[in-house]
Amino acid sequence: METSVTPTHCPYCALQCGMNLTPAAGGGVTVSERVDFPVNRGALCGKGRTAPALLSPSLRLTEPLVRRDGVLVPASWEEALDRVAEGLTRTRTEHGPDACGVFGGGGLTNEKAYALGKFARVVLGTSQIDYNGRFCMSSAAAAGNRAFGLDRGLPFPMEDIPRTGCVILVGSNLAETMPPALRYFTELKENGGTLIVIDPRRTRTAEQADLHLSPRPGTDLALALGLLHLVVAQGRTDEAFIEERTSGWEETRAAAMAHWPEYVERITGVPVPQLRDAVRMFCEPSAAMVLTARGPEQQSKGTDTVGAWINLWLATGRSGRPYSGYGCLTGQGNGQGGREHGQKADQLPGYRKLTDPDARRHVAGVWGVDPDSLPGPGLSAYELLDSLGTGIRSLLLMGSNPVVSAPHASHIQQRLESLDFLAVADVVLSETAALADVVLPVTQWAEETGTTTNLEGRVLLRRQAVTPPEGVRSDLYVLHQLAARAGVEKGFPVEPEEVFEELRRASAGGLADYSGITYRRLAEENGVFWPCPAQDGQASQDKQPSQGEQQSQNGRQSQDGHPLEHGGQASRDGQPSQGGRQPQDRRPLEHGGRPSAAPHPGSPRLFLDRFATEDGRARFVPVTYRPLAEEPDAEYPVLLTTGRVVAQYQSGAQTRRVDELNAAAPGPFVELHPRLAARLGAGEGDAITVVSRRGRAVAPARITTAIRPDTVFMPFHWPGEGRANTLTNPALDPISRMPEFKACAVRLEVAVRG
């Protein structure tokens, strides 16, 4: 008897690594390499390799829970759903629709994120919906929209990275956060390229760098401005590109010239000779990239900080050249798709603006409602959570664990506890779910089919490989049932492909246009890059092949292996073209000149011929350095920065339940420099109390020269006394509304000798 193999994707980070799942003899599934998927080419990290462990009924929720006499106890689905419907209805009746809140997650599939946004606005009529992706890459999204008119994490495929001449990697420890991606940077160096890593810590990623710059946390903005100053002073700008394809340069140049190298050294701690080395390494090759991640983004000035790195890239004229670009390394599994289709506070599907009358009319037409009935923008993620118990009285939460992941987490826990009603849909009993009045056990990656969009903008098909436990239902089922109980009998199907077909129509003509993408295409082509508009004559429905159908690898390639786009013309320096015509709806890259009935091939590479702004020009935005929202002082003299470790993921709600991962990373720690440890009188393993203006956390010392003497580091995966986000600062970026996770002032105390 032939054993069936299901090709699918990892449930964790934004690489969305391909993997094969095979039924195991004793139950469950085993993971094997899927070498045909081009992003990871078969490689998996420990999290991906152990992902099936969480399918075990012993590690996950298998039946609904309701709170009786202060205790969560098992209940039927009917009772649980009735309670949720009653709680939301009561709040809406007594306090109005905006007293109901909805909080989503960057791990939800595109179908779930779309349905959740629709549920909030159509069924509840509330403006109060946002999601935890606001805490991930919202600053890069805001900066990209401001500069380019469009936000897609990487505007090129990962395969371009080894072929560039230099990469500046700002604030990413991808060797631990997305290990299979490291091979691209190893190949870059093997091909003669150089890697510059900017990080306050000498991480595993920084160890691979040709040049490691270690700025003081929160000073990335000054560093980027100092590098641009040197580019201008050394005559390394591309004046022809600036003239032809950008606007706003004169003001941006003036702002950069106020940040001379010695001034930047005083702010950042990076020596001037290293600044000059970085400029030389970046500017000498004909192709180069700038990639940012959470380091520069999770700041109260994150949008301007990312904008400064974009300015550096634009000034050197690297757009429209082969293997050049600016990109953001999106973090969560569907962090890209999750911010495109309506679970953000200010957004409608297709990356449309909720304030745009045309967008409201289009989406309302797809939904069959009056455009005027759609609420306006609501509060951002932290502001929404901060308003719980006061403005928002009931909350429906899906796929997030803010008790661990939110800044000033002890305060957010108190706000959650103050709610009149809390319902949580999750795979496991997270720390947030444990506070709920109703907990709904929902399906996870291998138990359901759906789409995600990885960090490249490649839309992917995850396939169901196993049957979920008997007491488990999908998030789509939950929304369908709650809508029906609210009197909305239609519009919330439970089949993922049916939801995706509606998403296609809702996204049509938007920046993130999925209308030309079908489940069948995703299966046959190993993913499709958006934007991908539907062409005339393309079928509106194209069902996916069976799980056993042979998959073919995406990408029609020239002899040197570089994918050539359909209908493309050679662009500057020989790069295949990606922008024949610019339709009125400002889809940035739709091709011209091919038969109308031919399916659009998708858009692996953006901005080669023009940007997605109205005039096709990129916008320089002048920015100047400003300090952290909370600088060190006599009472709190040290900076805390936070991040991840290789064996855990996000709030740890899933990975902390896997024995192999816990053995590798059993708990929190405080990383500090030997000189700082000596001043404290602390030894390796001593319990260190870290105190900020918001609270205190305790964890064992890990002493290393890999961190600056004025900085300590804590990973944020754990609850309890070692919860790093008890300490972090909720000061918000004025544009992206991103909290300042990456730097706050603390003091240290030795709690107990190890």
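The buried residues of helix α4 are S138, S139, A140, A141, A142, A143, G144, A147 and F148. I start there, and I should say at once that this is a predicted model. Helix α4 runs from 138 to 148, and nine of its eleven residues are buried, which leaves the helix mostly covered. The cover over those buried residues includes helix α12, at 294-297, helix α13, strand β13, at 325-328, and strand β22, at 618-619. Just after α4 comes G149, with a positive phi of about 80°.

Staying with that region, take T303. T303 belongs to helix α13, residues 302-315. Is T303 buried or exposed? Its relative accessibility is 1%, and buried means under 20%, so T303 counts as buried. Setting aside neighbours within four places in sequence, T303 contacts S139, A142, A143 and R146, and also D733, I735 and S736. S139, A142 and A143 are among the buried residues of α4 that I listed at the start.

Next, the sheets. One open sheet has seven strands, in the order β5-β4-β18-β17-β16-β6-β7, and its pairing is mixed. At the edges are β5, residues 71-74, and β7, residues 129-131, each pairing on one side only. On average, and ignoring direction, neighbouring strands in this sheet are turned by 20° against each other. At the β5 end, strand β4, residues 65-68, pairs with β5 in the antiparallel sense over four bridges. R67 stands opposite L72 of β5.

Which helices go with this sheet? Helix α2, residues 77-95, packs on the sheet and touches β4, β6, β16, β17 and β18. The direction of α2 makes about 130° with that of β18. Helix α18, residues 475-485, lies across β16, β17 and β18, and runs at about 150° to β16.

There is also an open sheet of three strands, β1-β2-β3 in that order, with antiparallel pairing. Strands β1, at 6-9, and β3, at 29-33, are at the edges with a single partner strand each, so one side of each has no neighbour in the sheet. Here the average turn between neighbouring strands, direction ignored, is 40°. Strand β2, residues 18-23, pairs with β3 in the antiparallel sense over five bridges. P23 has V29 in β3 as its bridge partner.

Now a helix pair. Helix α3, residues 110-124, packs with helix α19, residues 496-507, at an angle of about 70°, and the axes are 9 Å apart. That angle makes α3 roughly perpendicular to α19. The crossing of the two is left-handed. From α3, the contact uses N110, E111, Y114 and K118; from α19, it uses P496, V499, F500, E502, L503 and A506. By type, the contact residues of α3 with α19 are six nonpolar, one polar and three charged.

Last, A697, which is found in strand β26, residues 695-703. Its relative accessibility is 0%, so A697 counts as buried. Which residues does A697 touch, not counting residues up to four places away in sequence? They are I688, T689, V690, M714, E721, G722, R723 and L727. As for N725, A697 is 28 residues from it in sequence, and the two are 8.8 Å apart in space, C-alpha to C-alpha.

Technical notes: Residues are numbered from 1 along each chain as its sequence is written. This is a predicted model: local features need pLDDT of at least 70, side-chain atom pairs count only at pLDDT 80 or more; totals for chains, interfaces and linings use all residues. Side-chain values use heavy atoms; hydrogens and water are left out. Axes are lines fitted to C-alpha atoms, for helices over the stretch in contact, and angles run from 0 to 180 degrees between N-to-C directions. Angles under 35 degrees count as roughly parallel, over 145 as roughly antiparallel, 65 to 115 as roughly perpendicular and the rest as oblique. A crossing is left-handed if the near helix is turned anticlockwise from the far one by less than a right angle, and right-handed if clockwise. Contact means heavy atoms within 4.5 Å. Ala, Val, Leu, Ile, Met, Phe, Trp, Tyr, Cys and Pro count as nonpolar, Asp, Glu, Lys and Arg as charged, and the others, Gly among them, as polar. Buried means under 20% relative accessible area, exposed over 50%, partly exposed in between (1.4 Å probe, protein chains only). Two strands pair if DSSP finds at least two bridges between them.
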